[in-house]
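Q: I'm new to reading protein structures. Could you walk me through one, feature by feature?

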Amino acid sequence: MVSAKEPAIAMSSGLSIALLHCLCLATCLTGPPGQSKKEEKLWPENFTSILNSLLDGYDNRLRPGFGGPVTEVKTDIYVTSFGPVSDVEMEYTMDVFFRQTWVDKRLKYDGPIEILRLNNLMVSKVWTPDTFFRNGKKSVAHNMTAPNKLFRIMRNGTILYTMRLTISAECPMRLVDFPMDGHACPLKFGSYAYPKSEMIYTWTKGPEKSVEVPEESSSLVQYDLLGHTVSTETIKSITGEYIVMTVYFHLRRKMGYFMIQTYIPCIMTVILSQVSFWINKESVPARTVFGITTVLTMTTLSISARHSLPKVSYATAMDWFIAVCFAFVFSALIEFAAVNYFTNIQMEKAKRKTVKSLLEFPVAPVQRKRSTEETVMSTDANSNVRKRTNATVQSEADGGSRIDTRHSSIQPPSVAQGSSDITPHSLSASSPNPFTRINASETLSSARATPPAPPSTPILTGFVSQHATAGSPSIQHLLGSRLEQIQTTTPNTLGASAKPSAVTPPAPPASHSGTSKIDKYARILFPVTFGAFNMVYWVVYLSKDTMEKSESLM
């Protein structure tokens, strides 16, 4: 039994070896290298056949799911460059990659590759969403060196369509708080023709991550890009309700430029206008130059500040600051006008007071009793009296002393006053000269008619009387006892004329130079008021939340 089983076992082992060799040979004949070469030769043909089969009977005029479910378009935005922002035009510009994704079951395929990466030529052959930017002023699709478009088809019919765009969009700005303001600049897009009953938009990665703005993409000079928010809203029109996707870019203005160009010059101009309060009020040209120059400077600053702003009908924060600074500068000029006006009034009053006091000042009256004949002056009579007196003095002199002709020619008022008491009888009786009564009468009449000497003459009169008393016996002999009366009358007259001089003369008018009371008050009031205004202004605007709220947060 054992010997019979051994040949059967040997045969079965031989058959298994033969089968193993056959399998090895079959494996060598149908190996992977041959198969991969065959697939490489078949790949272009398969790809072309897939595209031809996708477009065979495809109508790009109809949206996916036409007549059926709503087409959902998922979007996201990648910002490559943000800025600049124009305040005058109220717009901003940015460069973005705008991506849209939707599902078109008509483009499903079965093939060896998961994603078909195609160029822009395929875009015109399939349906694409009619997306437009509702607040865009100008949008440009880049075409250099070729249209910057990306188009991909997934195996399940999902399509990715990406474009590179430069968008200039409107940014409504409320400039009440300018230049401490902030704005939320929107970018709104949606379907132009399909209402929400046919096509809707959603965010690809959710509201928080569907818009990407890298830090290096911001190229703003006057603003800081604080962030962005997204929202979805529905807009109604006569053609239906449309889904609108909105992205708000939050911007805050930088203050550096306006501090250097407007605020600091305005503050310095106001301080310069207040320097005029420390200048003497008599320096009219200097203070006038200060006032007019600062007013013109403020006018120039206000005009230049408005060049970078749109022509809005309301006042901005900068307008209020410039207006107050202009009011301070103009008030400084008006203050000097008031100082000059009141100074002139004071000077006029002082002049009138001085003139009035001079008119009321008592002048020394000379008590003389003159008749009508004494007020009439006769030049010929005076000369005759002088000649006759000189002749008498010379003839009666004993050879002693001679009186100078120019001293004898001076006729003092004291002599004239004393001679009014001399009569022809006394003169003829006391004089040894052969004067007749007629000659004495003529001499006295001429002496009475002689006009009084100027105020300085009494000094000379005293000199003549002393000289005559000391060294002229002929005059003593001529006048006799009347000379004593003349000498007695002369000091009385001088004393009477000297009495008014003892009265204190009116003080000269004050020069009114120096500092006006208005200037003294202005030196304190103007700086304190301007400092308080600046404190209130900056505290209010810097602590105020001037960021404009987006509609999604309101």
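A: Sure, let's start with vocabulary: helices (H or I, at least four residues) and strands (E, at least two) are DSSP runs, numbered from the N terminus. This is a predicted model, where local features need pLDDT of at least 70 and side-chain atom pairs count only at pLDDT 80 or more, while totals for chains, interfaces and linings use all residues. Residues are numbered from 1 along each chain as its sequence is written, and side-chain values use heavy atoms, with hydrogens and water left out.

Q: Where is Ile264 found?

A: Ile264 sits in helix 3, which covers residues 256-275.

Q: Is Ile264 buried, partly exposed or exposed?

A: Buried means under 20% relative accessible area, exposed means over 50%, and partly exposed is in between (1.4 Å probe, protein chains only). Ile264 has a relative accessible area of 42%, so it counts as partly exposed.

Q: Which residues form a nonpolar patch on the surface?

A: Patches are made of residues with over 30% relative accessible area and no salt bridge; like charges are joined within 9 Å, and nonpolar side chains (Val, Leu, Ile, Met, Phe, Trp, Tyr) within 5 Å. A salt bridge is a side-chain nitrogen of Lys or Arg within 4 Å of a carboxyl oxygen of Asp or Glu. Areas come from the Shrake-Rupley method with a 1.4 Å probe, and for residues only the protein chains shown count as cover. Here the patch is made up of Ile264, Met268, Ile271, Leu272 and Val275, with about 420 Å² of accessible area together.

Q: How many disulfides are there?

A: A disulfide is a pair of cysteine sulfur atoms within 2.5 Å. That rule gives a count of 1. The partners are Cys171 and Cys185, with their sulfur atoms 2.0 Å apart. This pair links distant parts of the chain, 14 residues apart: Cys171 is in the loop between strand 7 (158-170) and strand 8 (182-191), and Cys185 is in strand 8. Both Cys171 and Cys185 are buried. The torsion about their S-S bond is about -70 degrees, so the disulfide is left-handed.

Q: Why is there no bond between Cys325 and Cys266?

A: The sulfur of Cys325 has its closest cysteine sulfur in Cys266, but that is 4.9 Å away, which is too far for a bond. Cys266 is buried, at 0% relative accessibility, and Cys325 is buried as well, with a relative accessible area of 0%.

Q: What about helix 14: how far apart are its end C-alpha atoms?

A: The expected span of a helix is 1.5 Å times one less than its number of residues. For the 27 residues of helix 14 (residues 517-543) that should be 39 Å, and the end C-alpha atoms are 39 Å apart, which agrees.

Q: Where does helix 14 bend?

A: The bend at a residue is the angle between axes fitted to the seven residues ending there and the seven starting there. Helix 14 bends by about 25 degrees at Arg523, and a proline, Pro527, follows within four residues. The buried residues of helix 14 include Arg523, Phe526 and Trp538.

Q: Any backbone oddities to look for?

A: Most residues other than glycine have a negative phi, and most peptide bonds are trans. Yet a cis peptide bond joins Gly83 and Pro84, with omega about 5 degrees, and Pro84 lies in strand 1 (residues 71-86). The bond from Met144 to Thr145 is cis too, with omega near -5 degrees. As for phi, Met90 is not a glycine, but its phi is positive, about 50 degrees.
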